[in-house]
Amino acid sequence: MTMSNSSPIQFAYWVPNVSGGLVISSINQRTHWDHHYNRQLAQTAENVGFDYALTQIRFMAGYGAENQHESVTFSQDLLSVTKQLKVIAALLPGPWNPALAAKQIATISTLYGARIAVNIVSGWFRGEFKAIGESWLDHEERYLRSEEFIRCLQGVWTQPVFNFAGDFYRFRDYALNPKPLEPLPEIFQGGSSRAARDMAARVSDWYFTNGGSVEYIQQQIDDIRAKAQLNHHQVKIGVNGFAIARDSEQEARAVLQDILRHSNVNAVKSFQAEVQNAGNASPEKEGNWAKSTLEDLVQYNDGFKTNLIGTPLQIAQRIIEYKKAGVNLMLLGFLHVQEELEYFGKKVIPLVRQLEHESAL
Ligand SMILES: Cc1cc2nc3c(=O)[nH]c(=O)nc-3n(C[C@H](O)[C@H](O)[C@H](O)COP(=O)(O)O)c2cc1C
């Protein structure tokens, strides 16, 4: 894996396999969670320059997500209707065990030419775990389990015969065949606490984080890359952003104000209470949502903070700032998903490429 930031910055989008859109607001959101809408969206995405699609794992409703399609199955469906797009399936240790996950993903890799990747998510939604009878570990233990999970995936995928004796998982002379195709499925991880950064610096290929200012993201990157270097490990960085691209800045800002004005305050407050189980439950009390205001939380993953709001040129310039800070991928959410993803791909991505070329980035 090359760490050179001269490679073009990559683009991913949130697959709406969960209903209700990406903002907790009663504003009209033209999107749909079904497979018809999503197949067309994935095809558009690969045609207009997106590299990855990220599916979400949610087992139950909460804060508006009334319907949720399962992530691995849904990812496979998107792979079946696309040619180059890579699809990232979210796996939640606990409900998934690594033997089943490794087997599922290896088969999908074979079926779809190594275009499947995984996002290991460590859990923030305690009510969900309770509802499906999964025990809820504390924040540090969740990350210890996730790290073992990742080590098991990597071991099973690469070693002819795999042995592992961990606190959470055990393998004894296990041979997975067939192995996934090369390049092996990339391992993303979502989360921003110190435990998340330490895990990324040891085992993950990609660190995915909620939205934040360039300075905040830069601090995280510096921390991760310094630790990773000590571990002789390399990790790429992906940052979430909620994009509102319009022909004029005024128009784009007005959309943000509209979203906020129509926010569903009770649902946002409930979400705020639930996400206390994430970074704020860590010993350092930092990480995703630990410092988010009510306004920030209207977008599930702090995407307004990234400030991809304005004209295509303003947004492209902002993306270049993140790239200079060491970001390798922008993960994007949209209000009217199909039309805005297409607009972004046609208007913003070419400008990013032009700016990259001009500044020899
Ligand atoms: C890009 C991204 C995608 C995520 N996707 C999911 C998901 O699909 N399902 C889920 O339960 N949690 C998801 N999470 C939540 C994280 O796995 C994690 O539990 C949360 O961010 C708290 O981590 P922290 O305490 O280390 O900051 C995602 C997080 C990020 C940043």
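Two residues are taken to be in contact if their C-beta atoms, placed from the backbone, lie within 7 Å. On this criterion, in the predicted model, M330 touches I9, F11, V239, G241, I319 and Y322, when residues up to four places away in sequence are not counted. M330 also belongs to the largest nonpolar core, which has 103 residues. Together with A12 and A53, M330 is among the residues with the most contacts inside that core.

Two of the residues touched by M330, I319 and Y322, fall within helix α11, which spans residues 312–324. Helix α11 packs against helix α12 (residues 337–358) at an angle of about 50°, and the two axes are 8 Å apart. The pair is therefore oblique, and the crossing of α11 and α12 is right-handed. On the α11 side the contact is made by P312, L313, I315, A316, Q317, I319 and I320, and on the α12 side by K347, V348, L351, V352 and L355. By class, the contact of α11 with α12 comprises ten nonpolar residues, one polar residue and one charged residue. I319 thus appears both in the contact with α12 and among the residues touched by M330.

Helix α6 (residues 194–202) takes part in two further helix packings, one with α5 and one with α7. Helix α5 (residues 139–158) and α6 pack at an angle of about 15°, with 10 Å between their axes. Because angles under 35 degrees count as roughly parallel, α5 is roughly parallel to α6. The crossing of α5 and α6 is right-handed. H139, E140, Y143, S146 and E147 of α5 form the contact with A195, A196, M199 and R202 of α6. The residues of this contact divide into four nonpolar, two polar and three charged.

Between α6 and helix α7 (residues 214–230) the packing angle is about 45°, and the axes lie 8 Å apart. These two helices are therefore oblique to each other. The crossing of α6 and α7 is right-handed. In α6, the residues R197, D198, A200 and A201 meet Q220, D223, I224, K227 and A228 in α7. The contact of α6 with α7 has four nonpolar residues, one polar residue and four charged residues. Helix α6 thus presents A195, A196, M199 and R202 to α5, and R197, D198, A200 and A201 to α7.

Notes. Residues numbered from 1 in each chain as written. Predicted model: local features only at pLDDT ≥ 70, side-chain atom pairs only at ≥ 80, totals over all residues. Axes fitted to C-alpha atoms, helices over the stretch in contact; angles between N-to-C directions. Helix = DSSP H or I, 4+ residues; strand = E, 2+ residues; numbered from the N terminus. Parallel < 35°, antiparallel > 145°, perpendicular 65-115°, else oblique. Left-handed = near helix turned anticlockwise from the far one by under 90°. Nonpolar A, V, L, I, M, F, W, Y, C, P; charged D, E, K, R; others polar. Core = buried A, V, L, I, M, F, W, Y, C linked by C-beta atoms within 7 Å. Buried ≥ 20, exposed ≤ 12 C-beta atoms within 10 Å, placed from the backbone.
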